[in-house]
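User: Hi! I have a structure open and I'd like some help reading it. Could you walk me through it?

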Amino acid sequence: MKSNRPVNLSPDLILAVNLKSPVAIASILHRISGIVIFLLIPVLLYILQGTLESPESFAAIKEDVFGGFIGRFLVFVTLAGLLYHFFAGLKHLVMDFGVAEELESGRNFAKAALGVSAVSIALAFVWVVL
Amino acid sequence: MKSATSFSRSGMSDWIVQRVSAVILAVYFVVVLGWIALQGDVTYENWSAFMGSTCMRIFGLLALASLAGHAWVGLWTITTDYLTVRQMGNKATFLRLLAQIGMGVLIFVYIVWGLKIFWGN
């Protein structure tokens, strides 16, 4: 069976190609952040469960998770993944309406999404970790 | 042949599921994170009053359902792009199915766990 459908690059080529194009960087990070969020959902559920169960468990989460560097850093990584995925997703939804589909506008839109995400993630770092 | 593992067995339907769930999750993210950021001092009293309200419990369940559909469509796309015979040989089909089963089990756990948190008591 002969297929003319486009194929995906192999992982080593993804890296080689991605490092050259903001569009490709934005795209692969969208996928990676999605996987990261999915695997870190238990962190959010654990915090949600603890903080909502009782005043005692709320205090325990505050102490155990937000009291030390490791817990704060884990929350930061989860939040960073969510923030990136959020802005990359917004870009995707806007592009569904036919916006920024040309080469130059597409690149600029990708750069804008990467820039806004970077700023929000930096703010999240200051807020959660420091 | 139609795919046997896509969320709704239809590309167009999966596409819509992905968009609608994305909007729901995005609004939920903004509402919860915005509340925390604007609250200043988050205590058990104000946090549990906010998240325990009927409105936020329903929204939480809606977000969980959206997460299930959104994660399946997104991760399914990734597995069918990279865990393929072209990328990694004949073991790919087995690995892809294994990854998809793992995804399904995790999604199930997330839903039941989240249900317990939002509606358990």
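Analyst: Happy to; we can go through the chains, how they meet, and a few single residues. One thing to keep in mind is that this is a predicted model.

User: Good to know. How many helices and strands are there in chain A?

Analyst: Chain A has five helices and zero strands. Starting from the N terminus, its elements read α-α-α-α-α.

User: And what pattern does chain B follow along the sequence?

Analyst: Chain B reads α-α-α-α-α. In numbers, that is five helices and zero strands.

User: OK, what about the overall form of chain B? Why is it more spread out than a compact globule?

Analyst: The radius of gyration of chain B is 18 Å, while the globule rule gives 14 Å for 121 residues; 18 Å is well over that, so chain B is more spread out than a compact globule. You can also picture the box that its C-alpha atoms fill, roughly 55 × 25 × 25 Å along the principal axes.

User: What radius of gyration does chain A have?

Analyst: For chain A the value is 19 Å, where a compact globule of 130 residues would have a radius of gyration near 14 Å. The C-alpha atoms of chain A fill a box of roughly 60 × 35 × 30 Å, again along the principal axes.

User: How much of chain A is buried?

Analyst: Buried residues make up 20% of the 130 residues in chain A. For chain B, the buried share is 20% of 121 residues.

User: And the contacts inside each chain, how many join residues at least 24 apart?

Analyst: If we take contacts between residues at least 6 apart in sequence, 70% of those in chain A join residues at least 24 apart. With that cut-off of at least 6, the figure for chain B is 65%.

User: Switching topic: how many residues does each chain put into the contact between them?

Analyst: Chain B gives 21 residues and chain A gives 19 residues. On the chain B side, α1 (11–39), α2 (44–51), α3 (54–82), α4 (85–88) and α5 (91–119) each supply at least two residues.

User: Which helix supplies the largest share of that side of chain B?

Analyst: That is α3(B), with six residues. Sorted by class, the side of chain B that touches chain A has 13 nonpolar, five polar and three charged residues.

User: Can you show me one pair of helices from the two chains? At what angle do α4(A) and α1(B) pack?

Analyst: They pack at about 135°, and their axes are 11 Å apart. Angles over 115 and up to 145 degrees count as oblique, and α4(A) and α1(B) are therefore oblique to each other. Their crossing is left-handed.

User: Which residues meet there?

Analyst: From α4(A) you have A:Leu82, A:Phe86, A:Gly89 and A:Leu93, and they meet B:Arg19, B:Ala22, B:Ala26 and B:Phe29 from α1(B). By class, this contact divides into six nonpolar, one polar and one charged residue.

User: Now a pair inside one chain. How do α1 and α2 of chain A cross?

Analyst: The axes of α1 (residues 11–18) and α2 (residues 22–53) of chain A come within 8 Å and cross at roughly 135°. That makes α1(A) oblique to α2(A). On the α1(A) side the contact is made by A:Ile14, A:Val17 and A:Asn18, and on the α2(A) side by A:Ala24, A:Ile25 and A:Ile28. Five of these residues are nonpolar, one is polar and none is charged.

User: Let's zoom in on single residues. What is phi of A:Ala100?

Analyst: Phi of A:Ala100 is near 55°, a positive value in a residue other than glycine. Most residues other than glycine have a negative phi. You'll find A:Ala100 in the loop between α4 (69–95) and α5 (103–128) of chain A.

User: Where is B:Arg9 found?

Analyst: B:Arg9 sits in the segment before α1 of chain B. B:Arg9 also has a positive phi, about 65°, although it is not a glycine.

User: Is B:Arg9 buried or exposed?

Analyst: B:Arg9 is exposed, with 11 other C-beta atoms within 10 Å. A:Ala100 is partly exposed, with 18 other C-beta atoms within 10 Å.

User: Last one: what separates B:Gly34 and B:Gly102?

Analyst: Their C-alpha atoms are separated by 33 Å, and the two residues are 68 residues apart along the chain. B:Gly34 lies in helix α1 of chain B, and B:Gly34 is exposed, with 10 other C-beta atoms within 10 Å.

Terms used
Residues numbered from 1 in each chain as written. Chains lettered and ligands numbered in written order. Predicted model: local features only at pLDDT ≥ 70, side-chain atom pairs only at ≥ 80, totals over all residues. Contact = placed C-beta atoms within 7 Å. Helix = DSSP H or I, 4+ residues; strand = E, 2+ residues; numbered from the N terminus. Nonpolar A, V, L, I, M, F, W, Y, C, P; charged D, E, K, R; others polar. Rg over C-alpha atoms; globule rule 2.2 N^0.38 Å. Buried ≥ 20, exposed ≤ 12 C-beta atoms within 10 Å, placed from the backbone. Axes fitted to C-alpha atoms, helices over the stretch in contact; angles between N-to-C directions. Parallel < 35°, antiparallel > 145°, perpendicular 65-115°, else oblique. Left-handed = near helix turned anticlockwise from the far one by under 90°.
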